[in-house]
Amino acid sequence: MSAVADLAADAWSSMLRVLLHYRRSPGLLAVSLAVPVLMVVVFGYVFGSAITVPGADSGVPGASGASGTPGAGPVDGYREFLMPGLFAMVAVNGIVPTMVGAARDVGRGVTDRLRSMAVSRTGLLLGQTLADLLVSVVVLALLAAVGLVVGWRIRGGPADALGAFGLLLLFRFAMTWVGLLLGLAVGKEEAAGQLAVAVFPLAMVTNAFVPTGGMPGWLAAVAEWNPMSAVVQAGRDLFANPSAPAAAWPMQHAVLATLLWCAVLLLVCGPFAVRKFATHGT
């Protein structure tokens, strides 16, 4: 029992340390909140006029055009198709701040000082991931509010909607452990910042912004087996938003696939991140 209490106390202290960093860096928090809004505007209005989602403008239930809203059409249907993709992009972007933060701590000697203390290694890293999760709740809430303003609607039941947001937060939690492992392995803030650029292609080769049916066969297979695509499809299913047909197993069983991906990522990256933290520099 004492070990659990110590872990919880160390996780709490570590979480407060990260949250204080956000408090002392309002620009960082402002960027975290502004980026989702810009994403809705850029992707929703620029891509929305050029991309047609099957069923989104043909009276299929779940599409904005079928909701009885005057003037609703293909662009509105695309925004409903898009929003679960943007939610998932916020989740996968959890890699970036934790990776850069972990690498910054290594480079500045913070990791070495923490390792010299009688604290739980798991608790320290868990606190960082929980702090990121709290910030993510605020970012997702803002993004959902912006989505509602531009025409996105939750067309499923309240329980399904809560399940969708729960899956998004679980995936974000898994992504932070991926980021921690990469940041500890890289060990330099500049290198971590450069590596963060790789997150964008990972998000683009998915079903988040365009249906995979228009991609070459090999690329469509890669996109449909991308973990982020399962999260996106799960969101569309639970929110009852428009989605394009896809035959891959993760697309047919998106909720289960999301849970499996999260379990794999946590089981692999979590222990390795703790081990890397504990043995850094030795």
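1. Two rings of Phe, Tyr or Trp (for Trp, the six-membered one) count as a pair when their centres lie within 6.5 Å, and planes over 60 degrees apart make the pair edge-to-face. By that rule this model, which is a predicted one, has seven aromatic pairs. One of them is F87 with F165, an edge-to-face pair with 5.6 Å from centre to centre and 65 degrees between the planes. The two rings come from distant parts of the chain: F87 sits in helix α3 (residues 74-92) and F165 in helix α7, 78 residues apart. Both F87 and F165 are buried.

2. Staying with F165, there is another partner to look at. The ring centres of F165 and F239 are 5.2 Å apart with the planes at 65 degrees, so this pair is edge-to-face too. Because F165 belongs to helix α7 and F239 to helix α11, the pair ties together parts 74 residues apart in sequence. F239 has a relative accessible area of 0%, so it counts as buried. Put together, ring pairs join F87, W152, F165 and F239 into a cluster.

3. Now the overall picture. The protein chain has 13 helices and zero strands, so to speak an α-only run from the N terminus on. Of its 282 residues, 48% count as buried. Among contacts between residues at least 6 apart in sequence, 81% join residues at least 24 apart. The accessible surface comes to about 12,800 Å², and carbon and sulfur atoms hold 70% of that.

4. On to the core. Which residues have the most contacts inside the largest nonpolar core? They are L86, F87, F171, W177, F209 and M228, in a core of 69 residues. Helix α7 (residues 158-186) gives the most to this core, with 13 residues. As for F171, leaving out residues up to four places away in sequence, it touches A91, V92, P227, M228, V231, C262 and L265.

5. Helix α13 (residues 254-279) is worth a quick geometry check. With 26 residues at 1.5 Å a residue it should span 38 Å, and its end C-alpha atoms are 37 Å apart, which agrees. Its buried residues are A254, A257, T258, C262, L265, C269, G270, A273, V274 and F277. An α-helix has 3.6 residues a turn, so residues three or four places apart point the same way. The buried residues of α13 pack against α5 (110-115), α6 (121-150), α7, α11 and α12.

6. Helix α11 also holds a polar residue to look at, Q233. Is Q233 buried or exposed? Its relative accessible area is 6%, under the 20% cut-off, so Q233 is buried. Setting aside neighbours within four places in sequence, Q233 is in contact with N207, S243, M251 and A254. A254 turns up again here, as one of the buried residues of α13.

7. Two local details to finish. R236 lies over the face of F81, at 3.5 Å from the ring centre. Then there is A240, a residue other than glycine with a positive phi, near 60 degrees. Where does A240 sit? Its place is the loop between α11 (227-239) and α12 (249-252). With a relative accessible area of 25%, A240 falls between the cut-offs of 20% and 50%, so it counts as partly exposed.

Definitions and conventions
Residues numbered from 1 in each chain as written. Predicted model: local features only at pLDDT ≥ 70, side-chain atom pairs only at ≥ 80, totals over all residues. Heavy atoms only, no water. Core = buried A, V, L, I, M, F, W, Y, C linked by side-chain atoms within 4.5 Å. Buried < 20%, exposed > 50% of the residue type's maximum accessible area, 1.4 Å probe, protein only. Helix = DSSP H or I, 4+ residues; strand = E, 2+ residues; numbered from the N terminus. Contact = heavy atoms within 4.5 Å. Phe/Tyr/Trp six-rings, centres within 6.5 Å; stacked < 30°, edge-to-face > 60°. Lys NZ or Arg CZ within 6 Å of the ring centre and 35° of its normal. Areas by Shrake-Rupley, 256 points an atom, 1.4 Å probe, with all protein chains shown as cover. Expected span 1.5 Å × (residues − 1).
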